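Reader: I would like to learn how to read a protein model, one feature at a time. Could you walk me through this one?

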Amino acid sequence: MAERLADIVTQIQNVRQLEAVVTAMRGIAASRAQKGRLLLAGIEAYTDVTSLAIGQALSLLPSDVIAPPPRRCAKLGLILFCAEQGFAGAFSERVLDRASNDLGGAANLIIGTRGLAVASERGITSVWSMPMATHVDAIASFANRLAEALYNYVASGAVTNVDILFSRSISGSGIVVDRHSVLPIDFRRFARPIKNQVPLKTLSPHLLLERLAAEYVYAQLCQALMHAFEAENEARMLTMAAAKTNIESKLTGLSQRERQLRQEEITTEIVELAAGAESLTPVRESVRHDRIHV
């Protein structure tokens, strides 16, 4: 009985240590998700400003100069923003499922160490991969490296159309996976200014539009990266919350079992002591009887 009780006590200690680890992981994920949410507003404003500038640059060109982008061909590139670390539920699986119809014939650029492992398990190959940024300060430089790799594949002719797939957290709806086209840019989506006010410029309209387009792609990558970063930590926070609930339930059951075993141990000791006292009673009566005869 004592050995079983010791096993339960050891198990309780181990579960409590696990609870401390889970609590710490949940706190870290919550902090990172909050930082990502705070910076998203700035990135979205930056994207809006770039879009407005593209609309102004388009006003400098004839309306028939901007041709619609070509239809998607076989040279499709997919940028898949997956999980960098574990304990995030089916975060990477949902992104891969969203692109399941195109993964076989596309040039896949997979971001996230955990996501790359999940893709390999599914037999999905990648032409380029990189670990996901693990803190918000690295998002800007990471987007630069990603854009450089993307342009290299476009320049080589390996891809002509590029879609990005990333997760984002929506209040009240949980985590959803978005997919939209990045290249080629459909300039018809950008509204030209209503007022016919010519903006100040030092570049030719074509060069200005080209550089603004590159800035817009960079802004889109930054926005997708920040959404994916925030969503992954949100998913990890939810997973750790569920794990903490299970741990608390496990501790409750173990504590009840510990109290039961302690009670059984005390009862056993009392029974043994009582039995020992009863066995000594005849000896004491015999000794007393001998003393009376003497």
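Reader: Let's take the order of elements. In what order do the elements run from the N terminus on?

Author: In this predicted model, the order from the N terminus is α-β-α-β-α-β-α-β-β-α. That comes to five helices and five strands.

Reader: How do I tell whether the chain folds back on itself? What share of the contacts with a separation of 6 or more comes from residues 24 or more positions apart?

Author: The idea is to look at contacts between residues that lie apart in sequence. Here, residues 24 or more positions apart account for 77% of the contacts with a separation of 6 or more. For one example, take Met-25 and Arg-236: they are 211 residues apart in sequence, but 8.2 Å apart in space, C-alpha to C-alpha. Met-25 sits in helix α1, and beyond its neighbours within four places in sequence it contacts Phe-87 and Met-240.

Reader: Is Met-25 buried, exposed or partly exposed?

Author: Buried means under 20% relative accessible area, and exposed means over 50%. Met-25 counts as partly exposed because its relative accessibility is 25%. Across the protein, buried residues make up 37% of the 294 residues.

Reader: Now the interior, please. How many residues does the largest nonpolar core have, and which have the most contacts inside it?

Author: The largest nonpolar core has 45 residues, and Ile-79 and Phe-81 have the most contacts inside it. Elements giving two or more residues to this core include α1, β1, β2 and α4, along with β4, β5 and α5. Of these, α5 gives the most, with 13 residues. Phe-81 shows how this looks from one side chain: setting aside residues up to four places away in sequence, its partners include Phe-91, Val-95, Ile-111, Leu-146 and Ala-228.

Reader: Which residues does the second, separate core include?

Author: That core has 15 residues, among them Leu-96, Leu-103, Leu-165 and Val-177.

Reader: What about a polar residue such as Ser-167? Where is its place?

Author: Ser-167 is in strand β4, which covers residues 161-170. With a relative accessible area of 0%, Ser-167 is buried. Its contacts, leaving aside neighbours within four places in sequence, include Phe-91, Val-95, Val-177, His-227 and Ala-231.

Reader: How do I read a helix with buried residues? Which ones are buried in α2?

Author: List the buried residues, then look down the helix axis. In α2 (residues 91-98), Phe-91, Ser-92, Val-95 and Leu-96 are buried. They fall within an arc of 125 degrees seen down the axis, so they line one face of the helix.

Reader: And which residues of α3 are buried?

Author: Helix α3 (residues 113-121) has Gly-115, Val-118 and Ala-119 buried. Their arc is 100 degrees, so these residues also line one face of their helix. The buried residues of α3 pack against α2 and β2. After α3 comes Gly-123, with a positive phi near 80 degrees.

Reader: Last topic: empty space. How many cavities of 30 Å³ or more does a search of the whole structure find?

Author: The search finds one, and the largest cavity has a volume of about 60 Å³. To read a cavity, check which residues line it. Among them here are Arg-32, Glu-84, Gln-85, Thr-134, Phe-229 and Arg-236. By class, the lining has three nonpolar, three polar and four charged residues. Helix α5 gives the most to this lining, with four residues.

Conventions: Residues numbered from 1 in each chain as written. Predicted model: local features only at pLDDT ≥ 70, side-chain atom pairs only at ≥ 80, totals over all residues. Heavy atoms only, no water. Buried < 20%, exposed > 50% of the residue type's maximum accessible area, 1.4 Å probe, protein only. Contact = heavy atoms within 4.5 Å. Core = buried A, V, L, I, M, F, W, Y, C linked by side-chain atoms within 4.5 Å. 1 Å grid on protein atoms, 1.4 Å probe; cavity = no way out; pocket = protein on both sides within 12 Å on 5 of 7 lines; lining within 4 Å. Points joined across faces, edges and corners; volume = space filled by probe spheres on them. Nonpolar A, V, L, I, M, F, W, Y, C, P; charged D, E, K, R; others polar. Arc of directions from axis to C-beta.
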